[in-house]
Structures are given as C-alpha cells and as structure tokens.
Amino acid sequence: MIVERVELRVIQMPLKEPFETSFGREYLREAILVTVYADGLEGWGEVVASRDFGYSYETTETAWYVLRTFLIPAVLGREIPDVETVARIGERLRGHPMARAGLEAAFWDLFARQAGLPLARYLGGVRDRIPVGVSIGLQPSDAELLEKIRGYFEEGYRRIKVKIKPGRDVEMIAAIRRAFPEIPLMADANSAYTLEDADRLAALDEFGLMMIEQPLHWDDLYEHALLQARLRTPLCLDESIHSVRHARAALELGSCRIINIKPGRVGGLLEARRIHDLCHARGVPVWCGGMLETGIGRAANVALASLPGFTLPGDLSASDRYYHEDLIDPPFVLQPDGTLAVPTGPGLGVAVDRRRVDRVTVRMEAFRP
C-alpha cells in the first residue's frame, strides 16, 4: 500500500482517579495518536509515552519530534509492502521504541484491515477471550488499598497487582495477605530498590506472590540474576527488556522467570511477538503489561495477548478502570469470568469515535507527500 497521509494528535484524558507508582503520581493521561491513511483505509496506533519522564526517557514531546522529523517522512508517499518494512525503518533509530511502536501499530491495523482479518488472528492469536488482572497504584493507607482490592476482586478481576516501594512493601503485603489469603497477587516495584534491599525483598517470599516485578534498576540484568538466586518468588522483568536480545540474555543469566511484554517498551508488536515466541519455545510464562492506554492502544494489546504463550493475566483492564469515557465504541468490558473479549472485526476490531477524539485533542498535525 502507498501511504497517502499521516496524522498526529496529542490527547489529554483525565483519569478517574490518580495513579501512583514509585516514580510519581498521574492525574491526567497524555498520549499521541497516530493515524495512517493508505489505499482507502485508515490505521490507528497509540504512542504510550507520557507527558513527563518516569517509566521511560521518552515523553510525548520527544516522540512527537521523532515521528514528525524521522519516522513519518520515511514512510510518507512510499509503497509499504508489509509491517516488517516499517519495523526496519524504525530500527535505524537507536532507541525511541514508543514512538516507533505507535507508528508500527497503525500499520498493523492497516494491513489486518486490508486482509479482512482481526488483528489478533493476523498476529497469530488463538484465543477469543483473555484473562485480565488489575494494577493498583500506591494508596494513602493500607485500609484504602484493601478496599480497592476488595472492589476489583468483586468485579471479577482474576489477579491483583499492587505497586510497592521502600517503606510501602512488606507490612503492606502482609496486610493484604491477612485480608485476602488466596487471591492471586503480585508486587511491582518499578525499579525502586537496589541489591542492598535483597533481605527485605526476600521477606516477601512468605506471602506466596505470583511474582515481584522489576525490583532493581530499569536497565539491569546482572544484579537481577543475583537477586533471583536469593529468592523463592519468581522475578518478572519489565523495564529491563527492550528487545528479544535482552529477553534471551535475561533467560540465559537467570535474571527472571517471567517476562512482561509491552509493545511500546520494545518498539512494536513485531518485536513483542518475537519475545513471545522465544519465551513460548522455552516454556517461560509471559503476560501483557499496560501503560494506561486508551481503547486504541488497549485493542492492540488485547490482540497480542491472544497469542498462545500469554498464560498469565495481563494488565489489560476494562475501559472504565481508568476513564469515564473511552475513545472507542464499544468499550472494553470485563466479562463475568474475569476476561476481556478479543475483538473480531477487521484490524483493531473497534470503532474509533472521532468526536470523542476531537474533544480530547490538544495538538494536531497532518503530513502529506
């Protein structure tokens, strides 16, 4: 297909409630939407970089610059035969995976629409429903956290993930376990600890956690291997895994026993699928992480999570977990069995509501050959 036009939009959507991690608190979700037009079709992608630094060095401002200056000019007016071509263009950049992933996602949507297939099937997915969990940010008190957990568990979420940091860890997890002794539970540190905290992290072994996610530095593999050797609880790597090469190294080193796959973190769905394939071949569980996506980015993640190796519930909550009103119709709804239905329409399989998109757009630019 020949790319006729590309549009970029910065959107701002208020969260239903603040979301706090070890590196800050978010009240407003800012992201970039990418729309690619080709052969009478349109494809949508979401750049998951936030307004501020924190999880990543990328921000909406840096991603906007990279897209408009390097990536969009490389595809505009050009015949693009497949998604692999877009991925190779992106790989010329050293870094900026979120910007690359947003553009690549729009092409995945386009090519799946062209083939008349749901994105899940186009990627090789095998499920029509996926089990999902919920991620809960740091709360002001244990009592408020327990109330949140109770509410989400009653809604039907199959797994609870809580954020931890020094001073809000062992005692907090103990309180959760006293209240919910059997609930599937994991803890996410977002790189808040160092190897000097190994004894404190080892104290979490007694609580039967599914995993501890990314306790040490955001680009570390070696010290995670040392820590994993001291813990019974599986470590899961998130921020440290930027490519299939990093995933392979982590498994060889023994840095983790589980991997969280986020397309935005690894440069797109193609690299995400490569990581999945590696882990699936080795019998290593993977799950799909979330970045507070709107329904556009969430639809792509749901399609990815339909692949056979995604055996653990992902952070792919229903639309109403974070937003009063999503940008898609219909929104994602949690099913009574704790799953989300995988869309069956062509491409992303969801309809983007342009009126809602326009209401939350704060910046827009169109590009033509």
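A residue counts as buried when its relative accessible area is under 20%, as exposed when that area is over 50%, and as partly exposed in between. With that in hand, welcome to this structure, which is a predicted model.

**Aromatic pairs**

Let us start with the rings. A pair of aromatic rings is described by the distance of the centres and the angle of the planes. The structure holds four such aromatic pairs. One of them joins tyrosine 65 and phenylalanine 70: the ring centres are 6.0 Å apart and the planes stand at 80 degrees, so this pair is edge-to-face. Tyrosine 65 has a relative accessible area of 48%, which makes it partly exposed. Phenylalanine 70, at 41% relative accessibility, is partly exposed too.

Another pair is formed by tryptophan 108 and tyrosine 122, again edge-to-face, with 5.9 Å from centre to centre and 80 degrees between the planes. Where do tryptophan 108 and tyrosine 122 lie? Tryptophan 108 belongs to helix 3 and tyrosine 122 to helix 4 (residues 119-123), so the pair ties together parts that are 14 residues apart in sequence. Is tryptophan 108 buried or exposed? Its relative accessibility is 2%, and because the cut-off for buried is under 20%, tryptophan 108 counts as buried. Its partner, tyrosine 122, is partly exposed, with a relative accessible area of 30%.

**Charges over rings**

Two arginines are worth a look as well. The charged end of arginine 5 is placed over the ring of tyrosine 37, at 3.8 Å from the ring centre. In the case of arginine 363, the ring beneath is that of tryptophan 64; arginine 363 lies over its face, 4.1 Å from the ring centre.

**How helices meet**

Now to the helices. Helix 2 spans residues 83-91, and its buried residues are Val83, Thr85, Val86, Ala87, Ile89 and Gly90. Which helices do the buried residues of helix 2 pack against? They pack against helix 1 (60-75), helix 3 (97-115) and helix 11 (269-282).

Helix 11 also meets helix 9 (residues 244-253): the two axes come within 9 Å and cross at roughly 25 degrees. Angles under 35 degrees count as roughly parallel, so helix 9 is roughly parallel to helix 11. The crossing of helix 9 past helix 11 is right-handed. On the helix 9 side, the contact is made by Val244, Ala247, Arg248, Leu251 and Glu252, while helix 11 brings Glu271, Arg274, Ile275, Leu278, Cys279 and Arg282.

**Backbone details in the loops**

Finally, a few places in the loops have backbone geometry to look up. The peptide bond from aspartate 329 to proline 330 is cis, with omega near -5 degrees. Proline 330 is found in the loop between strand 12 (328-329) and strand 13 (339-341).

Serine 191 and leucine 292 each have a positive phi without being glycine. The table sets them side by side.

| Residue | Phi | Loop | Relative accessibility |
|---|---|---|---|
| Serine 191 | near 65 degrees | between strand 7 (185-188) and helix 7 (198-202) | 22%, partly exposed |
| Leucine 292 | about 60 degrees | between strand 11 (286-288) and helix 12 (295-304) | 7%, buried |

Why does leucine 292 count as buried? Its relative accessibility is 7%, and the cut-off is under 20%, so leucine 292 falls in the buried class. Serine 191, at 22%, counts as partly exposed.

How values were computed
Residues are numbered from 1 along each chain as its sequence is written. This is a predicted model: local features need pLDDT of at least 70, side-chain atom pairs count only at pLDDT 80 or more; totals for chains, interfaces and linings use all residues. Side-chain values use heavy atoms; hydrogens and water are left out. Buried means under 20% relative accessible area, exposed over 50%, partly exposed in between (1.4 Å probe, protein chains only). Helices (H or I, at least four residues) and strands (E, at least two) are DSSP runs, numbered from the N terminus. Contact means heavy atoms within 4.5 Å. Rings of Phe, Tyr and Trp (its six-membered ring) pair if their centres lie within 6.5 Å; planes under 30 degrees apart count as stacked, over 60 as edge-to-face and the rest as tilted. A charge sits over a ring if NZ of Lys or CZ of Arg is within 6 Å of the ring centre and within 35 degrees of the ring normal. Axes are lines fitted to C-alpha atoms, for helices over the stretch in contact, and angles run from 0 to 180 degrees between N-to-C directions. Angles under 35 degrees count as roughly parallel, over 145 as roughly antiparallel, 65 to 115 as roughly perpendicular and the rest as oblique. A crossing is left-handed if the near helix is turned anticlockwise from the far one by less than a right angle, and right-handed if clockwise.
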